[in-house]
Amino acid sequence: MKAITRKRYGSILLCNIIDDSPQRWDVGDATHVRVRLPTDVAHILAMQDFGYQFVDRMLNVTINLKRNHIEPDKCIRMKPVLTAAYREEIQELAVINFETDRRFHVEVPYNRDISEEIIHGWIEEIPEFYVCLYKDKVVGFLALKESEDAKSAEIYLAAVDKKYRSSGAALSLYANAVKVGEEKGYHTVTGCISSSNIAVMNLYAYLGGTFSDPADIFLRK
């Protein structure tokens, strides 16, 4: 898939590019550029020549709900609630948990001020979140985004407070996403994950996820 999109987040105009090979793209007046390309050493070398820096390797994940034998109810220890509330808490939790996430850190040196603006933009686009609560405090959240054909959903955004990961909040949120997918008749639940995020990769694998399409992420300001 090839795509070039531009989106403003406060003072940031981000040009997000998905392509099959390095090009000299016209990025217009974008303040920051993020490029996703299939993994290839030749691509890394070419992108360096174009002034871009490699920052991450991503993987697509697919949970096939028609072939999955996991019983999600048995994995849900903390029952997630679907709500439009708690947005400030979700924002705060996201900023803490996404401290190295290259969806939001669009400069090579990590810049929290910029990432906060982009995270806020993402959260504003999501009408409702599944949240796990402990004493009315958000300890984890997950957003599902349905595909246009209503046959699948993407785990669009998710995070859990580090203090509560041993409580089963993360597994509960991801297993609940599978349960919701089954109830709505989706064929798949998908995601996109950094290859460095071993904890969430293990979650996906436990729930029957398969990994594919490794891609490299490059940045240029």
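The paragraphs below go through a predicted model of a protein chain, from its confidence to a helix, two nonpolar cores, one buried residue and a pocket.

The mean pLDDT of the protein chain is 95, and 100% of its residues reach 70 or more. Among its elements, strand S3 (residues 32–38) has the highest confidence, at 98. The lowest belongs to helix H5 (residues 198–206), with a mean of 94.

Helix H4 is a convenient place to start. It runs over residues 169–183, which makes 15 residues. From its first C-alpha to its last it reaches 21 Å, close to the 21 Å expected at 1.5 Å a residue. Most of this helix is covered, as 13 of its 15 residues are buried. Glycine 185 follows H4 and has a positive phi, near 75°.

The next topic is the interior. In soluble globular proteins, nonpolar side chains tend to be buried together. Here the largest nonpolar core has 33 residues. Those that touch the most other members are Ile63, Leu142, Ile155, Leu173, Tyr174, Tyr204 and Leu207. Several elements each supply at least two residues of this core: strands S4 (53–64), S6 (129–134), S7 (137–146), S8 (152–160) and S9 (188–194), together with helices H4 and H5. H4 gives the most, with 9 residues.

Tyrosine 204 shows how parts of the chain that are apart in sequence come together in the model. Beyond its neighbours within four places in sequence, tyrosine 204 is in contact with Val61, Ile63, Ile155, Tyr174, Thr190, Gly191, Gly209 and Phe211. A second core, separate from the one above, has 24 residues, including Leu93, Val95, Ile119 and Phe129.

Phenylalanine 129, one of the residues in that second core, lies in strand S6. Its relative accessible area is 0%, which is under the 20% limit, so phenylalanine 129 counts as buried. Leaving out residues up to four places away in sequence, phenylalanine 129 touches Val81, Leu82, Thr83, Arg87, Ile90, Ile123, Phe141, Leu142, Ala143 and Leu157. Histidine 43 is 86 residues from phenylalanine 129 along the chain, and 37 Å separates their C-alpha atoms.

The last feature is a pocket. The largest pocket holds about 1200 Å³ of space. It is lined by 35 residues, and the closest to its centre are Met1, Asn16, Ile18, Arg36 and Glu154. Strand S8 provides the largest share of this lining, 5 residues. S8 also appears among the elements that each supply at least two residues of the largest nonpolar core.

How values were computed:
Residues are numbered from 1 along each chain as its sequence is written. This is a predicted model: local features need pLDDT of at least 70, side-chain atom pairs count only at pLDDT 80 or more; totals for chains, interfaces and linings use all residues. Side-chain values use heavy atoms; hydrogens and water are left out. pLDDT is the predictor's confidence in each residue, from 0 to 100. Helices (H or I, at least four residues) and strands (E, at least two) are DSSP runs, numbered from the N terminus. The expected span of a helix is 1.5 Å times one less than its number of residues. Buried means under 20% relative accessible area, exposed over 50%, partly exposed in between (1.4 Å probe, protein chains only). A nonpolar core is a set of buried Ala, Val, Leu, Ile, Met, Phe, Trp, Tyr and Cys residues joined through side-chain atoms within 4.5 Å. Contact means heavy atoms within 4.5 Å. On a 1 Å grid over the protein atoms alone, a cavity is a set of points where a 1.4 Å probe fits but cannot get out, and a pocket is an open set with protein on both sides within 12 Å along at least five of seven lines; lining residues have an atom within 4 Å of a point. Grid points are joined across faces, edges and corners, and a volume is the space filled by probe spheres set on the points.
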